[in-house]
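Hi,

Here is the structure I said I would pass on. Have a look at it first, and then read on for what turned up.

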Amino acid sequence: MKELTIKALYQDLNQTMAKETLESKEYPWEVLPLIHDMILEIGKTLSEEEYDHLEGDIWIAKSAKVAKTACINGPAIIGKNAEVRHCAFIRGNALVGEGAVVGNSTELKNVILFNKVQVPHYNYVGDSILGYGSHMGAGSITSNVKSDKTLVTIKVGDSIIETGIKKVGAMLGDHVEVGCGSVLNPGTVIGADTNIYPLSMTRGYIPKNSVYKNQGEIVEKTK
């Protein structure tokens with residue numbers, strides 16, 4: 001299942017402060033239980049000249065733009081030149097990369113956003129990792145818990161991978177584009193440079209460099 005590994009999904013781990021933690025695991029969902037402690041450890045290393053350390057273990061880069069109406073619970077790190085917009089709700093355990101955008105009424109919980117990620121309009125992103133430069137269109141969300149509350153599995157062709165975790169949202173590779181109004185079901189893994197059509201409902205593994213039109217129609221991108 002090498003297509004689902006951290007190495008396959010994320011080409012440059014230097015594009016996130018989570019590099020060391022990601023390098024310690026094979027699959028991205030294995031990192032989800034580590035995000036809380038990882039943020040606390042990273043926070044201790046951040047320069048006081050570049051980051052403000054707020055009560056509740058919240059580190060915000062001095063160059064970041066954070067709306068007064070945003071709610072940020074710790075532990076959390078908001079990277080350099082990131083933007084957190086009006087009424088964004090960061091519930092904790094969130095690493096927001098440099099130059100990332102967390103938009104109006106967007107909610108984050110237990111996530112890693114690589115640098116330059118955009119979740120700019122009415123998004124929910126929970127228990128997920130979004131690769132460098134990925135973008136979620138308006139109203140697109142990650143669903144991180146199965147309706148029957150059983151442990152999340154990931155389907156790849158005829159194979160099933162057991163994550164052993166109850167809450168797993170979506171793992172987006174670098175430069176993934178998710179269309180407006182889409183729902184990424186628990187355990188969705190999307191390869192790098194893939195586009196998801198608007199109003200889609202995804203699950204399982206979607207190959208890199210492809211266009212997802214619906215569950216029965218996934219085509220390779222043509223240049």
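To start you off: in which loop does Leu199 lie? Leu199 sits in the loop between β21 and β22, the latter covering 201-202. Before going further, please keep in mind that this is a predicted model.

Back to Leu199, then. Its phi is near 60°, which is a positive value in a residue other than glycine. That caught my eye because most residues other than glycine have a negative phi. Leu199 has a relative accessible area of 72%, so it counts as exposed, the cut-off being over 50%.

Asp193 is another one to look at. The phi of Asp193 is near 65°, again positive in a residue other than glycine. You'll find Asp193 in the loop between β20 (188-190) and β21 (195-196). Is Asp193 buried or exposed? Neither label fits: its relative accessibility is 34%, so Asp193 counts as partly exposed, in between the 20% and 50% cut-offs.

While you're checking the backbone, go to Gly74 and Pro75. A cis peptide bond joins these two, with omega at about -5°. In general, most peptide bonds are trans. As for where this is, Pro75 lies in the loop that runs between β4 (71-72) and β5 (76-78).

Now the pocket. The largest pocket holds about 310 Å³ of space. Its lining is made up of 13 residues, and the closest to the pocket centre are Thr153, Ile154, Lys155, Arg203 and Gly204. Two elements, β15 (153-156) and β23 (205-206), each give two or more residues to that lining. Which of the elements gives the most? That would be β15, with 3 residues. By type, the lining of the largest pocket has 6 nonpolar residues, 4 polar and 3 charged.

Last, the cysteines. How many disulfides does the count come to? The count is 0, with two cysteine sulfurs having to be within 2.5 Å to qualify. Take Cys87: the nearest cysteine sulfur belongs to Cys71 and is 9.9 Å away, so Cys87 is in no disulfide under that 2.5 Å cut-off. Cys87 is partly exposed, at a relative accessible area of 36%. Cys180 also counts as partly exposed, with 41% relative accessibility.

If you want somewhere to begin in the viewer, try Leu199 in its loop between β21 and β22, then move on to β15 and the pocket lining.

Cheers

Note on methods
Residues numbered from 1 in each chain as written. Predicted model: local features only at pLDDT ≥ 70, side-chain atom pairs only at ≥ 80, totals over all residues. Heavy atoms only, no water. 1 Å grid on protein atoms, 1.4 Å probe; cavity = no way out; pocket = protein on both sides within 12 Å on 5 of 7 lines; lining within 4 Å. Points joined across faces, edges and corners; volume = space filled by probe spheres on them. Helix = DSSP H or I, 4+ residues; strand = E, 2+ residues; numbered from the N terminus. Nonpolar A, V, L, I, M, F, W, Y, C, P; charged D, E, K, R; others polar. Buried < 20%, exposed > 50% of the residue type's maximum accessible area, 1.4 Å probe, protein only.
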